[in-house]
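The following exercises concern the structure shown below. Each consists of a task and a worked solution.

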Amino acid sequence: MTVRAGGPGNGVLFAVTYWDVDGTVVGFGAAAHPEDPESMALAEEAVETWSKVLRTRRVLIAATGSACADPTPEVDATCPLVARAGSRVREYADRGDSVVVLGQAGRVTDHLIGHAPEAAVLLESEAGVDDLDHIAPDQLSFVVAPGIPIEDVAQMLAALRSRFPRLRGQHPDEFCYAASDRREALRSVAAASDLLLVCGDREEPETAELLGWARPLGCRTRQLTDPARLRPEWLGIATATVGIVTISSSPHLTNAMVEVLSGLGPLSVAHRRVSTDLVNAGTPVITPISTPRFAAQLNG
């Protein structure tokens, strides 16, 4: 319901209200002085425009956790997976191997390569395998840098193994699945949403990463730094579900965006989480060989 009402001081209020699910009356409005026709027109137009997108909606938040794709060296020491990866780089280099670090350029890969700068090289894509001509094929190990989706690592590892069949390296129980889980949470939310809001400064690497993950999914996507920049034409009457994903350095943007959307009709808020749990982390399952002849073949 849109109302126009006079108030103290001869002000005019343009407002729209609705009944929320708990029975309270909620709404928004804009006031102007009747002797200021320009302000009156703006106030009326603003309320009329936003009232057109007033409806019951669902907000689906991608619970992505903290980003660890580019931690500082000080943070590295607190992450057991980063510490383990660093020790593997040293271990493999000490046995005389060249060490390929699979990851993305940044402080975490610089940190890992720093454990053996003369022996370690960075691999960021399958195409980079062709640049490893100088490496001895029988003395090559790999280490996966935390912060890269394991699905991307698998493609690079397949290319490495094809080129270097004697490749050796980390056990999969030492892999970090945080980036994979973050990406899958975003994909799940995008698939269920009519509009995906990526909240974060465009200059932040994590914002660019989230936008890069979202673009191929086909969901309408908008990037926001300030909830005040939300536009009514983005929502539309047909936008029943709004997805939200926020960079880890600006978690307050999630609550701020929910608060803005709560003024546009009854709102349901849900979180979508994706978690990969290792069943035998750190303890690989080894099945004993019970057939003597087969055991002899292996030992021979």
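**Exercise 1. A hairpin**

Task: In this predicted model, identify which residue of strand 3 stands opposite tryptophan 19, and describe the pairing of strand 2 with strand 3.

Solution. Step 1: the residue of strand 3 that faces tryptophan 19 is valine 25. Step 2: strand 2 covers residues 12-19 and strand 3 covers residues 25-32. The two strands run antiparallel and are joined by eight bridges. Step 3: five residues lie between the strands of this hairpin, in which glycine 23 adopts a positive phi near 95 degrees.

**Exercise 2. An open sheet**

Task: State the strand order of the open four-stranded sheet, and explain why one side of strand 6 and of strand 8 is left without a neighbour in the sheet.

Solution. Step 1: the order is 6-5-7-8, and the pairing is parallel. Step 2: strand 6 (120-123) and strand 8 (168-169) occupy the edges; each has a single partner strand, so one side of each lacks a neighbour in the sheet. Step 3: strand 5 and strand 7 run parallel and are connected by five bridges. Valine 101 has valine 143 of strand 7 as its bridge partner.

**Exercise 3. Nonpolar cores**

Task: Determine which residues touch the most other members of the largest nonpolar core, and which element supplies the largest share of this core.

Solution. Step 1: the largest nonpolar core has 19 residues, and Val100, Leu102 and Leu160 touch the most other members. Step 2: at least two residues of this core come from each of strand 5 (98-102), strand 7 (140-144) and helix 5 (150-163). Helix 5 gives the largest share, six residues. Step 3: beyond its neighbours within four places in sequence, leucine 160 contacts Val100, Leu102, Leu123, Val129, Leu132, Leu140 and Leu167. Step 4: a second core, separate from this one, has 17 residues, among them Cys199, Leu230, Leu253 and Leu261. In soluble globular proteins, nonpolar side chains tend to be buried together.

**Exercise 4. The setting of threonine 241**

Task: Decide whether threonine 241 counts as buried or exposed, and name the side chain with which the side chain of threonine 241 makes a polar contact.

Solution. Step 1: threonine 241 belongs to strand 11, which covers residues 241-246. Step 2: threonine 241 counts as buried because its relative accessibility is 8%, and buried means under 20%. Step 3: the polar contact is with the side chain of arginine 58, at 3.3 Å. Step 4: apart from its neighbours within four places in sequence, threonine 241 touches Arg58, Leu60, Ala192, Ser193, Asp194 and Leu195.

**Exercise 5. The whole chain and its confidence**

Task: Summarise the protein's secondary structure, and state which elements have the lowest and the highest mean pLDDT.

Solution. Step 1: the protein has ten helices and twelve strands. Of its 300 residues, 39% count as buried. Among contacts with a separation of 6 or more, 72% link residues 24 or more positions apart. Step 2: the average pLDDT is 84, and 85% of the residues score at least 70. Step 3: helix 10 (residues 292-299) has the lowest mean pLDDT, 40, and strand 4 (residues 57-62) the highest, 96. Step 4: the pLDDT is below 50 over residues 69-76, a stretch with 15 contacts in the model beyond near neighbours in sequence. It is also below 50 over residues 284-300, a stretch with six such contacts. Where pLDDT is low, the predicted coordinates should not be read in detail.

Key. Residues numbered from 1 in each chain as written. Predicted model: local features only at pLDDT ≥ 70, side-chain atom pairs only at ≥ 80, totals over all residues. Heavy atoms only, no water. Buried < 20%, exposed > 50% of the residue type's maximum accessible area, 1.4 Å probe, protein only. Contact = heavy atoms within 4.5 Å. Polar contact = N/O pair within 3.5 Å; in protein donor to acceptor, adjacent residues only side chain to side chain. Pairing = 2+ DSSP bridges. Core = buried A, V, L, I, M, F, W, Y, C linked by side-chain atoms within 4.5 Å. pLDDT = per-residue confidence, 0-100.
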